[in-house]
Amino acid sequence: MGSSRFLKLLLNPSKTPFFRFSNSQIRLPTNLDPSLSFYRTIHGPLYKTQVLDEANTHRITFEAEKISKILSTPNSNSPIDSLLDGASVKVSPTLVVEVLKKLNNAGTLALSFFRWAQKQKGFKHCTESYNALIEALGKIKQFKIIWDLVNEMNYEGLLSKDTFALISRRYARARRVSDAIKAFEKMEKFGIKLEGSDFNRLIDTLSKSRQVEKAQEVFDEMKQRRFKPDIKSYTILLEGWGQQQNFLRLDEVYREMKAEGFDPDVVTYGILINAHCKAKKYNEVIGLFREMEAKNVRPSPHIFCMLINGLGSEKRLAEALEFFERFKASGLEVEAPTYNAVVGAYCWSMRMSDAFRVVDEMRKCGIGPNSRTYDIILHHLVKHRRTEQAYSVFQRISREPGCEPTVSTYEILVRMFCNENRVDMALQVWDQMKTKGVLPRMHMFSTLINTLCHENKLDEACRYFQDMLDMGIRPPTQLFSNLKQALLDDGRKDAVISFGLKIEKLRKTPLAALS
């Protein structure tokens, strides 16, 4: 596209087609509880190893957060390599993987860190660090660089089936189904033998990427000829059709499965129950539960969670709590997800005092609460516009031992304050998130930038938009359209052109200089 046409399209708000888109020495305390002293006497070496491992884990977590903060803080005056060199951090495979996981939503930064680590004396990447980078790059559709990394891994002898599964999944989620299948088939070209479980993995990847029609097509084409289906093959397809609420196809697969001699197991029943829960067919759900019990198929904790969640969401609280009591009587160990389901059931009926009572019970039992527990509570408080109470709960989370807010938690709060036109509080939460080394996702950027445009705070909107581009995140079409219109209305045509050129560069060759 010529530059004159590019600028013409850019400045016309109605026509922008190309924007779619050293373990430290540790001293053990001397004033230990007698029972702990006895434990140490019997298991001395093991106890010391566990303490050292725990200290090492804390160190890795601390240093990973430190690096993440450095990378997520804009600093145009210093190259990333210089900033990292000044961090005085000794890289290790574990640390590198941890940092790359934190940079999961920032592919550009992840690649910069990966290349910097590669240059450190005595350090070599492992399969896990390559795979973590591939996951981050896949989110921003950098497939050319991904295949360069695959060639590197092959040279180093680090390729694994997980690598190709990651690539297939990212292609599938980008709706490039034929490329997802080709990535799977390339395994053989790299000397990796395909097995039945690998075909199941491909079908599962396509199905979970909302491509169940293609998954069914691959299954029909490859069964018997290239692999022999097992019960897992059928349950994957059942789950896919269930997610699409296509009960006609679900029944067809279910009948074929039984005709092939596979009796439904607890996983099969779990998938059928989940499909009917999504369709809010709770009488059928209870019927399936009774059928499962009649066939002596023991319900799993996950099935009880689905029943409690589903019935709770329909405000059938008494029945939800009845299934919780049945769960406890079953002899299964009550874990955090089950308690979270009960918390959610109370929240759907806005019985918040009961929800917090369950949180206290979790704490007493030593089973959480965790960030998911609080996200459930926050979701319902926000939905009912209890802003102050939601913010109070958010402030409590960081004080809860072993419970740190996740990016989902911050997203709930930022969206809440933006919807309430309290952008100052949204920015305060955002800064707190960045201080913790948690990186925002695309939807968070969109929410905040749109709100800043609405408030006519264009300098700040531009700053966060630039942060988004620096992280390698392509802005959604509507987001840039909104920002562009606000800037044009304010007479800032140069800023529109500058951002347009940056987006076009990001779309074409965003990471070429870094690879």
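The following exercises, each with a worked solution, concern helix packing, a cavity and two backbone features in a predicted model.

**Exercise 1.** Determine how α8 and α9 are oriented relative to each other, and state which residues form their contact.

*Solution.* Begin with the geometry: helix α8, residues 143-156, packs against α9 at an angle of about 170 degrees, and the two axes lie 12 Å apart. Angles over 145 degrees count as roughly antiparallel. The pair α8 and α9 is therefore roughly antiparallel. Next, identify the residues: α8 contributes Phe-143, Ile-146, Trp-147, Val-150 and Met-153, which meet Thr-163, Phe-164, Ile-167, Arg-170 and Tyr-171 of α9. Finally, sort the residues of this contact of α8 with α9 by class: eight are nonpolar, one is polar and one is charged.

**Exercise 2.** Establish the relative direction of α5 and α7, and describe the contact that they make.

*Solution.* The first step is again the angle: helix α5 (residues 93-102) and helix α7 (residues 127-139) pack at about 10 degrees, with axes 9 Å apart. Since angles under 35 degrees count as roughly parallel, α5 is roughly parallel to α7. The second step is the contact itself, in which Val-96, Val-97 and Leu-100 come from α5, while Glu-128, Ser-129, Ala-132 and Leu-133 come from α7. By class, the contact of α5 with α7 comprises five nonpolar residues, one polar and one charged.

**Exercise 3.** Characterise the packing of α11 against α12 by direction, handedness and residue class.

*Solution.* The axes of α11 and helix α12 (residues 212-222) come within 7 Å and cross at roughly 155 degrees. This angle makes α11 roughly antiparallel to α12. The crossing of α11 and α12 is right-handed. On the α11 side, the contact uses Phe-199, Leu-202, Ile-203, Leu-206 and Ser-207; on the α12 side, Val-212, Lys-214, Ala-215, Val-218, Phe-219 and Met-222. The contact of α11 with α12 has nine nonpolar residues, one polar and one charged.

**Exercise 4.** Locate the largest cavity by its lining residues and describe the make-up of that lining.

*Solution.* The largest cavity has a volume of about 90 Å³. Its lining consists of Lys-161, Phe-164, Ala-165, Ser-168, Phe-184, Met-187, Asp-198, Arg-201, Leu-202 and Thr-205. Assign these to helices: α9 (161-173), α10 (177-189) and α11 (196-208) each supply at least two residues of the lining. Then divide the lining by class, which gives five nonpolar, two polar and three charged residues. Two lining residues, Phe-164 and Leu-202, also take part in helix contacts: Phe-164 in that of α8 with α9, and Leu-202 in that of α11 with α12.

**Exercise 5.** Explain what sets Met-350 and the bond between Gly-368 and Pro-369 apart in backbone geometry, and place Met-350 and Pro-369 in the chain.

*Solution.* Start from the general expectation: most residues other than glycine have a negative phi, and most peptide bonds are trans. Met-350, although not a glycine, has a positive phi of about 55 degrees. Met-350 sits in the loop between α19 (336-348) and α20. Gly-368 and Pro-369 are joined by a cis peptide bond, with omega about 5 degrees. Pro-369 belongs to the loop between α20 (352-365) and α21 (371-383).

Definitions and conventions
Residues are numbered from 1 along each chain as its sequence is written. This is a predicted model: local features need pLDDT of at least 70, side-chain atom pairs count only at pLDDT 80 or more; totals for chains, interfaces and linings use all residues. Side-chain values use heavy atoms; hydrogens and water are left out. On a 1 Å grid over the protein atoms alone, a cavity is a set of points where a 1.4 Å probe fits but cannot get out, and a pocket is an open set with protein on both sides within 12 Å along at least five of seven lines; lining residues have an atom within 4 Å of a point. Grid points are joined across faces, edges and corners, and a volume is the space filled by probe spheres set on the points. Helices (H or I, at least four residues) and strands (E, at least two) are DSSP runs, numbered from the N terminus. Ala, Val, Leu, Ile, Met, Phe, Trp, Tyr, Cys and Pro count as nonpolar, Asp, Glu, Lys and Arg as charged, and the others, Gly among them, as polar. Axes are lines fitted to C-alpha atoms, for helices over the stretch in contact, and angles run from 0 to 180 degrees between N-to-C directions. Angles under 35 degrees count as roughly parallel, over 145 as roughly antiparallel, 65 to 115 as roughly perpendicular and the rest as oblique. Contact means heavy atoms within 4.5 Å. A crossing is left-handed if the near helix is turned anticlockwise from the far one by less than a right angle, and right-handed if clockwise.
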